[in-house]
Amino acid sequence: MENTNLNQSNLLTKVHQLVVDIISNELIFDLIIYELNDLYHPFMYYYESDNGLIYSMPIEAFFRSTQYIVGDQYPEDVIWDYDKTQRLIKTLSYYKKDIKRERSVFSYQESKNKRTLEKYVRHLIHHYKRLLFVRIDLKYAKETSHLVSIEDFYHHMSKFRDLIGNEETCFEDLQGYAWALEHGGIEGGLHCYLLLIYDGNDRQNGWYIAKEVGEKWKQVTQGSGTYYNYHNKKTKQGYERNGKLGIGMIHQDNEQEVNNALRTSCYLTQPSKYDQKLKVWLPNMNTFAHGQYRTSDRRGL
């Protein structure tokens, strides 16, 4: 197996989910054996070169439990048979409370983030007659995602946030923003949910802005990044049919538009999305933020 061709993001997602499923008794025994023999060796390749990274509790439990069972054996020499797998399932059960506690902490923090984000967006809507809400997902292309580490993601996001803060080019006339980092399922990978809010008197074309922002992300990632523009015609029509269109021009005096915009904004912070949380992160790495409402250059304040 060529370790250089492994997708770190997908691998950690698989290990995280495997532990969650084992503890929940949602997998048959033979499948657990298969997954262990498929994931253990490449997982140890990444874990042993972690450079001080912090892992989700299911992944931490996987490392501690497997090491307790296999001891000093080299990962490539380990074969997960019936006996080892039975012992691992039992050992992982001791971490059930820790994993449940991590889920509860995540839910609490996301609920708190949701309240602060809603308050922030309500302030903006109350202050401006109309606002242009722009929604875009920043992610990585499948063909290059195996080359992207969490350190790369952190570096790319740091550079991208600097561009937002400079308020130039596609970020000119920006009145508000929010972003959330997630680590999706097997196909989701590392990505950023981004919400940009512009003064509707200065900006009107959400699709064009989202395209510009996406191209900036490609530049920052040196071509490994890609994006999803929610302002394409098909996506917007789908939301419109369901009466849930919360992007584009939002008018202060239109109650449905306002409620939809709040719903769209708060999607960035969902307490129920524990399985979408980062599986690995750097110390002091923020996964959510929004702008400040009260600033010296906001007119009327």
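## Asp 199 and its surroundings

Let's start with Asp 199, which touches quite a list of residues in this predicted model. Leaving aside its neighbours within four places in sequence, Asp 199 is in contact with Tyr 128, Arg 130, Leu 131, Asp 173, Gln 175 and Arg 299. You'll find Asp 199 in strand β4. Is it buried or exposed? Asp 199 counts as buried because its relative accessibility is 3%, and the cut-off for buried is under 20%.

Now look at Leu 174. Along the chain, Asp 199 and Leu 174 are 25 residues apart, yet 6.8 Å is what separates their C-alpha atoms.

## A salt bridge between distant parts

Asp 173, one of the contacts of Asp 199, has a partner of its own. Asp 173 forms a salt bridge with Arg 203, and their closest N and O atoms are 3.5 Å apart. This pair links distant parts of the chain, with the two positions 30 residues apart. Asp 173 sits in the loop between α6 (150–166) and β3 (174–183), while Arg 203 sits in the loop between β4 (190–199) and α7 (206–220).

The two ends don't get the same label. Asp 173 is partly exposed, because its relative accessible area is 26%. Arg 203, at 14%, is buried. As background, side chains of opposite charge can pair when their charged atoms come close.

## Salt bridges inside helices

How many salt bridges does the structure hold? There are seven, and here are two that sit within a helix. Glu 60 pairs with Arg 64, the closest N and O atoms being 3.4 Å apart. Both are in helix α3 (residues 57–70), four residues apart, which is about one turn of the helix. Glu 60 is buried, since its relative accessible area is 17%, whereas Arg 64 counts as partly exposed at 40%.

Helix α5 (residues 96–127) has a pair with that kind of spacing too: Glu 118 and Arg 122 are four residues apart, about one turn of the helix. Their salt bridge brings the closest N and O atoms to 3.1 Å. Here both partners are partly exposed, with Glu 118 at 27% relative accessible area and Arg 122 at 43%.

## Where α5 meets α9

Helix α5 also packs against helix α9 (residues 255–266). The angle is about 145 degrees, and the axes are 10 Å apart. The crossing of α5 past α9 is right-handed.

Which residues do the touching? On the α5 side they are Lys 114, Leu 117, Glu 118, Val 121, Arg 122 and Ile 125. Val 258, Leu 262, Ser 265 and Cys 266 meet them from α9. Notice that Glu 118 and Arg 122, the salt-bridge partners, both turn up in this meeting.

## Ser 65, hidden in α3

Back in helix α3 you'll also find Ser 65. Is Ser 65 buried or exposed? Its relative accessibility is 0%, so Ser 65 counts as buried. Once neighbours within four places in sequence are set aside, the contacts of Ser 65 are Leu 88, Thr 91, Leu 92 and Tyr 95.

## Out on the surface

Some nonpolar residues face outwards. Ile 28, Leu 31 and Tyr 34 form a nonpolar patch on the surface, and together they have about 330 Å² of accessible area. Tyr 34 belongs to helix α2 (residues 29–47). Tyr 34 is exposed because its relative accessible area is 54%, and the exposed label starts over 50%.

## Two loop residues with positive phi

Check the backbone at Glu 167: its phi is near 55 degrees, a positive value in a residue other than glycine. Glu 167 is in the loop between α6 and β3 and is partly exposed, with a relative accessible area of 40%.

Gln 222 has phi near 55 degrees as well, and it too is a residue other than glycine. Look for Gln 222 in the loop between α7 and β5 (225–229). With 76% relative accessibility, Gln 222 counts as exposed.

## The whole chain

Now zoom out. The chain has nine helices and eight strands, and its C-alpha atoms fill a box of roughly 70 × 40 × 35 Å along the principal axes. Of its 301 residues, 50% count as buried. The accessible surface comes to about 15,700 Å², with 47% of it belonging to carbon and sulfur atoms.

What share of the contacts with a separation of 6 or more comes from residues 24 or more positions apart? The share is 75%.

Terms used:
Residues numbered from 1 in each chain as written. Predicted model: local features only at pLDDT ≥ 70, side-chain atom pairs only at ≥ 80, totals over all residues. Heavy atoms only, no water. Patch = residues over 30% accessible without salt bridge, like charges linked within 9 Å, V, L, I, M, F, W, Y side chains within 5 Å. Areas by Shrake-Rupley, 256 points an atom, 1.4 Å probe, with all protein chains shown as cover. Salt bridge = Lys/Arg side-chain N within 4 Å of Asp/Glu carboxyl O. Buried < 20%, exposed > 50% of the residue type's maximum accessible area, 1.4 Å probe, protein only. Axes fitted to C-alpha atoms, helices over the stretch in contact; angles between N-to-C directions. Left-handed = near helix turned anticlockwise from the far one by under 90°. Contact = heavy atoms within 4.5 Å.
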